[in-house]
Amino acid sequence: MRKEIFYSNIHYAKETVGNFISFLELIYPIMTGDILLQSDITWHDASVPNDPISDTTSFVQNLYERRVKGTTLDAYQMELHYIECIKKKQPEKIKYLLKKLAENREENLSTNEIESLKLKFAALTAILTRISIEQGVPINQAFSLSDTLIQGLASVHSFEAWIEHVQIATNSFIGIQEEATKISQSPLIKKIINHIDDHLYEKVTLDTLASVTNKNKAYLSTQFKKETGLTIHQYIQTKKIEEAKHLLLFTEQQLFEISALLSFASQSHFIKVFKQITGTTPKEYRSKHFNTI
């Protein structure tokens with residue numbers, strides 16, 4: 001918020017025009033799942049009626065260019081194929097599609113290629129998030145993964161790094177979808193799982209779950225272990241450590257911050273549980289995998 005901007009004595013923003021446009025290009029795909037092209041952004045005097053002809057100029061020009069280049073249909077077909085592979089959980093086919101994508105880098109959404117790629121990633125992530133929710137992934141879990149992946153764009157500075165980031169996003173969304181499809185338990189167990197997944201950043205106890213389900217604690221424990229093969233405590237810890245992995249790779253949060261966010265008793269307890277489940281410490285995990293993002 002560096003300075004005031006006025007057009008025709010009307011206050012529009014405290015940011016620069018360039019930064020405001022960059023914000024629009026980033027937020028629009030996240031909110032709508034569609035791409036906002038810079039050429040589609042037009043300015044007009046609010047005190048003067050719109051000229052419908054001038055407003056359509058950029059659209060017509062963009063449509064003409066896409067027809068000449070002939071890339072739109074191929075890109076659309078690739079997107080449909082990609083979505084189908086995500087739904088069917090076919091990572092090998094997705095690798096092939098990403099290879100084809102690397103061979104076709106014609107359409108930029110910004111004059112800066114990296115910024116263009118990041119905008120495309122934001123739109124892609126929005127699509128993957130909605131697909132995952134349709135496949136039964138809890139809403140909070142899907143959006144949490146989306147947030148961490150978008151935050152991870154801060155470390156993307158090349159096309160190769162972007163492709164790698166897309167692959168990580170793909171694998172991550174396929175992973176949470178596979179977990180969701182494995183859940184064929186009774187409505188009671190699904191209710192417990194959904195409550196845990198929606199409250200990973202809180203302290204979830206057996207007393208809480210008994211209150212939510214209006215069931216006896218002993219009965220809940222027995223049924224959960226019978227249907228999932230895990231105790232409720234084991235499931236809660238496993239899900240919290242999975243969330244911790246994303247925070248370690250896609251944020252700059254310190255261990256004590258992650259520990260507090262996920263409601264562990266202490267940082268040492270968090271480290272102990274992390275090592276029990278993954279075989280490595282959080283610090284070792286971040287050091288080993290961070291450079292591959």
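In the predicted model, Asn214 is situated in the loop that joins helices H10 and H11. This residue directly follows H10 and has a positive phi, near 60 degrees, a value found here in a residue other than glycine. As a general matter, most residues other than glycine have a negative phi. Asn214 has a relative accessible area of 69% and is therefore classed as exposed. A second non-glycine residue with a positive phi, of about 60 degrees, is Ser263. Ser263 belongs to the loop between H13 and helix H14 (267–278). With a relative accessible area of 28%, Ser263 is partly exposed, since it falls between the limits of 20% for buried and 50% for exposed residues.

The protein as a whole comprises 15 helices and 2 strands. Of its 293 residues, 37% count as buried. Among contacts in the protein with a separation of 6 or more, 61% are accounted for by residues 24 or more positions apart.

Helix H10, which spans residues 206–213, has Leu209, Ala210 and Thr213 as its buried residues. Viewed down the axis of H10, these buried residues lie within an arc of 100 degrees, so they line one face of the helix. The cover over the buried residues of H10 includes helix H9 (187–198), helix H11 (217–228) and H12.

The packing of H10 against H9 was examined in further detail. In general, two packed helices are described by the angle between their axes and the distance between the axes. The axes of H9 and H10 cross at roughly 125 degrees and come within 11 Å. H9 and H10 are therefore oblique to each other, because their angle lies outside the ranges for roughly parallel (under 35 degrees), roughly perpendicular (65 to 115) and roughly antiparallel (over 145) helices. The crossing of H9 past H10 is right-handed. On the H9 side, the contact is made by Leu188, Lys191, Ile192, His195 and Ile196, and on the H10 side by Thr208, Leu209, Val212 and Thr213. Leu209 and Thr213, which take part in this contact, are among the buried residues of H10.

A further helix pair is formed by H12 and helix H15 (residues 282–289), whose axes are 9 Å apart and pack at an angle of about 50 degrees. This geometry makes H12 oblique to H15. The crossing of H12 and H15 is right-handed. H12 contributes Lys245, Leu247, Leu248 and Leu249 to the contact, whereas H15 contributes Pro282, Tyr285, Arg286 and His289.

Thr251 occupies the loop between helix H12 (232–250) and helix H13 (255–261). The relative accessible area of Thr251 is 12%, and the residue is therefore buried. The side chain of Thr251 reaches the backbone oxygen of Leu247 at 2.5 Å. Leu247 is also one of the H12 residues that make the contact with H15. When neighbours within four places in sequence are left aside, Thr251 is in contact with Gln151, His246 and Arg286. Of these, Arg286 is among the residues of H15 in the contact with H12.

Another buried site involves helices H6 and H8. Ser132 is placed in helix H6 (residues 113–134), while Gln177 is located in helix H8 (residues 159–182). The side chains of Ser132 and Gln177 are joined by a polar contact of 3.2 Å. Ser132 counts as buried because its relative accessibility is 0%, and Gln177, at 0% relative accessibility, likewise counts as buried. The side chain of Ser132 also reaches the backbone oxygen of Leu128, at 2.9 Å. Apart from its neighbours within four places in sequence, Ser132 contacts Val137, Ala142, Phe173, Ile176 and Gln177. Between the C-alpha atoms of Ser132 and Ala180, which are 48 residues apart along the chain, the separation is 8.8 Å.

The surroundings of Gln177 consist, residues up to four places away in sequence not being counted, of Ile86, Lys87, Lys89, Ile131, Ser132, Gln135 and Val137. Val137 thus appears among the contacts of Gln177 and also among those of Ser132.

Terms used: Residues are numbered from 1 along each chain as its sequence is written. This is a predicted model: local features need pLDDT of at least 70, side-chain atom pairs count only at pLDDT 80 or more; totals for chains, interfaces and linings use all residues. Side-chain values use heavy atoms; hydrogens and water are left out. Helices (H or I, at least four residues) and strands (E, at least two) are DSSP runs, numbered from the N terminus. Buried means under 20% relative accessible area, exposed over 50%, partly exposed in between (1.4 Å probe, protein chains only). A polar contact is a pair of N or O atoms within 3.5 Å; within protein, one must be able to donate a hydrogen and the other to accept it, and residues adjacent in sequence count only if both atoms are side-chain atoms. Contact means heavy atoms within 4.5 Å. The arc is that of the directions from the helix axis to the C-beta atoms. Axes are lines fitted to C-alpha atoms, for helices over the stretch in contact, and angles run from 0 to 180 degrees between N-to-C directions. A crossing is left-handed if the near helix is turned anticlockwise from the far one by less than a right angle, and right-handed if clockwise.
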